[in-house]
Amino acid sequence: MIRTAAFIFGLFLSSLLFSCRSDNRYSGREAIKYDQYLFQGEQLYQAHCLNCHQKDGTGLGKLIPPLTTDFITSEMDLVICSIKHGLNGPIEVNGITYNGEMPSNPRLTPLEIAEIMTYITNTWGNEYGMVNISKVEKALANCN
């Protein structure tokens, strides 16, 4: 009886969590996958990105670029490579040149990078949709 009640309660919490975050572009398994990517992406963002890019993705003045711009989706391959391998040298975002150093995250898997990308491309006004593992793997294969 207790196991059944715990299962029903867990099912209720899961459906509540996923119903709050779902995107209308997806249904069924894709909607669940999208919600899982968003949830895991937020956790990974907090562990690996938040200190520099801040909780709201606005970056740090002229030191760290914001993640709240079209730059993230228009230069997605560069952003994916930067998450994995870091970034050195100047980069222009919204007309501002940033010339800092972004550390690499060599232990992040393509799945984890896809989850981070899904989170940052669908938060703070960004509405890109899901970033799949295949997109990340293709970008990583072409990093310079």
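The following exercises concern a nonpolar core and a helix pair in a predicted model.

The model is predicted, so local features need pLDDT of at least 70 and side-chain atom pairs pLDDT 80 or more, while totals for chains, interfaces and linings use all residues. Residues are numbered from 1 along each chain as its sequence is written, and side-chain values use heavy atoms, without hydrogens and water.

**Exercise 1.** Determine which helix gives the most residues to the largest nonpolar core.

*Solution.* A nonpolar core is a set of buried Ala, Val, Leu, Ile, Met, Phe, Trp, Tyr and Cys residues joined through side-chain atoms within 4.5 Å; buried means under 20% relative accessible area (1.4 Å probe, protein chains only). The largest such core has 28 residues, of which Ile-80, Ile-113, Met-117 and Ile-120 touch the most other members. Elements that each supply at least two residues include α5 (76-85) and α6 (110-120), helices being DSSP runs of H or I with at least four residues, numbered from the N terminus. The helix that gives the most is α6, with six residues.

**Exercise 2.** Describe how α5 and α6 pack.

*Solution.* The two helices pack at an angle of about 130°, with axes 11 Å apart. This makes α5 oblique to α6, since angles under 35 degrees count as roughly parallel, over 145 as roughly antiparallel, 65 to 115 as roughly perpendicular and the rest as oblique. Axes are lines fitted to C-alpha atoms over the stretch in contact, and angles run from 0 to 180 degrees between N-to-C directions.

**Exercise 3.** State whether Thr-118 is buried or exposed.

*Solution.* Thr-118 lies in helix α6. Its relative accessibility is 0%, so Thr-118 counts as buried.

Conventions: Buried means under 20% relative accessible area, exposed over 50%, partly exposed in between (1.4 Å probe, protein chains only).
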